[in-house]
Amino acid sequence: MSSALVTGTLDSVPAPGSQYSEARPEAAARRVPRWGRRTAAVAWRVVKPSVAILTFLAVWEVAPRAGLVDEVFLPPFTEVAQTFFELIANGQLWEHISTSLTRALTGFVIAVAFAVPLGVAIAWYRPVADFLNPVLELFRNTAALALLPVFVLVLGIGETSKVALVIYACAFPVLLNTISGVRTVEPLLVKSARSLGFSQFAIVYKVVLPAAVPTIFTGLRMAAASSILVLIAAEMVGAKAGLGYLITAAQLNFQIPDMYAGIIAIALVGLVFNAVLVFIERRLSRWRVAL
């Protein structure tokens, strides 16, 4: 009987390290610090879009060299990149970028300063909406580029017509999204503010505008894209500097790598513009629950 007890006791004793080996993966997972998981998540967010971009650039590089497309009209990416850095080195590309950015930012800022307060007034006060809606419906369906000849005839071929065209192109996305954002604010928030004795201005400034920030910034990002696209088209018509002028001049002089370098510069400017707006939006809407 004693031997049986001893045998049973020995059989019930786990092998050395066996229980720890089974629980080791879970314990290791628990030991991973939070900053490590965040770093891995951020790295994956960077790597995932990079794969698509690198694949696109690889196809761009291989297709002309393999004879799939004419190398004269679509040079390999390495040749375009070399031209891009040469234009940066001699300062020519920065001159065109700074000229286009000055025009785009000037028109964008003026449009935002004008459209956001007007959108709040239209959404918040019914008489203002009834008075301005017919004019807005008339012009919102008119493309900015369709009015380019009108701006040139009225304001001339200089800087004023280009900035005015950017203002027109940016105003409507910001205005319409501001109206939508203000009108879709939770009514309970407004009622609670009124019950606390907030004035009309305080309700708009402290309750309505913060709640409408995501929708307003959607309009701002749309307007930023429109400002660049419209400006490039305007610079192709009549300008002596700017990315649109660079692309047109390179095309006319058959400097194809320079033309593609200008197109890449436009894409990079648009990405930076959008990234800045996304950063500002996150700073202004930190109250939102992260999904």
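The following conversation works through how the labels given to parts of this predicted model are reached.

Trainee: What does the secondary structure of the protein chain come to?

Mentor: The protein chain comes to 12 helices and zero strands, and from the N terminus on the elements run α-α-α-α-α-α-α-α-α-α-α-α. Of its 291 residues, 35% are buried.

Trainee: Why is Val 80 called buried?

Mentor: Buried means under 20% relative accessible area, and Val 80 has a relative accessible area of 0%, so the label buried applies. Val 80 has its place in helix H4, and its C-alpha atom is separated by 8.6 Å from that of Ile 256, although the two residues are 176 residues apart along the chain.

Trainee: What makes the contact between Arg 65 and Glu 61 a salt bridge?

Mentor: The rule asks for a side-chain nitrogen of Lys or Arg within 4 Å of a carboxyl oxygen of Asp or Glu, and here the N to O distance is 2.6 Å, so the pair qualifies as a salt bridge. Both residues lie in helix H3, four residues apart, which is about one turn of the helix.

Trainee: How do you know which of Arg 65 and Glu 61 is exposed and which is buried?

Mentor: Exposed means over 50% and buried under 20%; Arg 65, at 54% relative accessibility, therefore counts as exposed, whereas Glu 61, at 17%, counts as buried.

Trainee: How do you know that Asp 130 and Arg 126 form a salt bridge?

Mentor: Their closest N and O atoms are 3.6 Å apart, and because the cut-off is 4 Å, the pair counts as a salt bridge. Asp 130 and Arg 126 are four residues apart in helix H6 (residues 126–140), and are therefore separated by about one helical turn. With a relative accessible area of 46%, Asp 130 falls between the limits of 20% and 50% and is therefore partly exposed, while Arg 126, with 58%, is over the upper limit and is exposed.

Trainee: Which residues are joined into one network by salt bridges that share partners?

Mentor: Arg 103, Glu 159 and Glu 235 are joined in this way into one network. One of the salt bridges is that of Glu 235 with Arg 103, where the N to O distance is 2.7 Å. Glu 235 lies in helix H10 (residues 200–237) and Arg 103 in helix H5 (residues 92–124), so the pair ties together parts that are 132 residues apart in sequence. Glu 235 and Arg 103 are both buried. The count of salt bridges in the model comes to five.

Trainee: How many aromatic pairs are there, and why is the pair of Phe 73 and Phe 254 called edge-to-face?

Mentor: The count comes to eight aromatic pairs. In the pair of Phe 73 and Phe 254, the ring centres are 6.2 Å apart and the planes stand at 85°; since pairing needs centres within 6.5 Å and edge-to-face needs planes over 60 degrees apart, the name follows because both conditions are met. Phe 73 lies in the loop between helix H3 (34–65) and helix H4 (77–89), and Phe 254 in the loop between helix H11 (243–252) and H12, so the pair ties together parts that are 181 residues apart in sequence.

Trainee: What makes Phe 84 and Phe 85 an edge-to-face pair, and which of them is buried?

Mentor: Their centres are 5.6 Å apart, within the 6.5 Å limit, and their planes are at 85°, over the 60 degrees required, so the pair is edge-to-face. Phe 84 has a relative accessible area of 11%, under 20%, and is therefore buried, whereas Phe 85 has 55%, over 50%, and is therefore exposed. Elsewhere, Phe 56, Trp 60, Phe 77 and Tyr 260 form one aromatic cluster.

Trainee: How do you know that Ile 280 can belong to a nonpolar patch on the surface?

Mentor: Patch members need over 30% relative accessible area, and Ile 280, in helix H12, has 34%, so the accessibility condition is met. Ile 280 forms the patch with Val 272, Val 276, Phe 279 and Leu 284, and together they have about 460 Å² of accessible area.

Trainee: Why is Arg 282 called exposed?

Mentor: Arg 282 has a relative accessible area of 62%, which is over 50%, so the label exposed applies. Arg 282 is in helix H12 (residues 256–284), and gathers with Arg 45, Lys 48 and Arg 221 in a patch of positive charge on the surface.

Note on methods:
Residues numbered from 1 in each chain as written. Predicted model: local features only at pLDDT ≥ 70, side-chain atom pairs only at ≥ 80, totals over all residues. Heavy atoms only, no water. Patch = residues over 30% accessible without salt bridge, like charges linked within 9 Å, V, L, I, M, F, W, Y side chains within 5 Å. Areas by Shrake-Rupley, 256 points an atom, 1.4 Å probe, with all protein chains shown as cover. Lys, Arg positive; Asp, Glu negative; His and termini not counted. Charge placed at Lys NZ, Arg CZ, Asp CG, Glu CD. Helix = DSSP H or I, 4+ residues; strand = E, 2+ residues; numbered from the N terminus. Buried < 20%, exposed > 50% of the residue type's maximum accessible area, 1.4 Å probe, protein only. Phe/Tyr/Trp six-rings, centres within 6.5 Å; stacked < 30°, edge-to-face > 60°.
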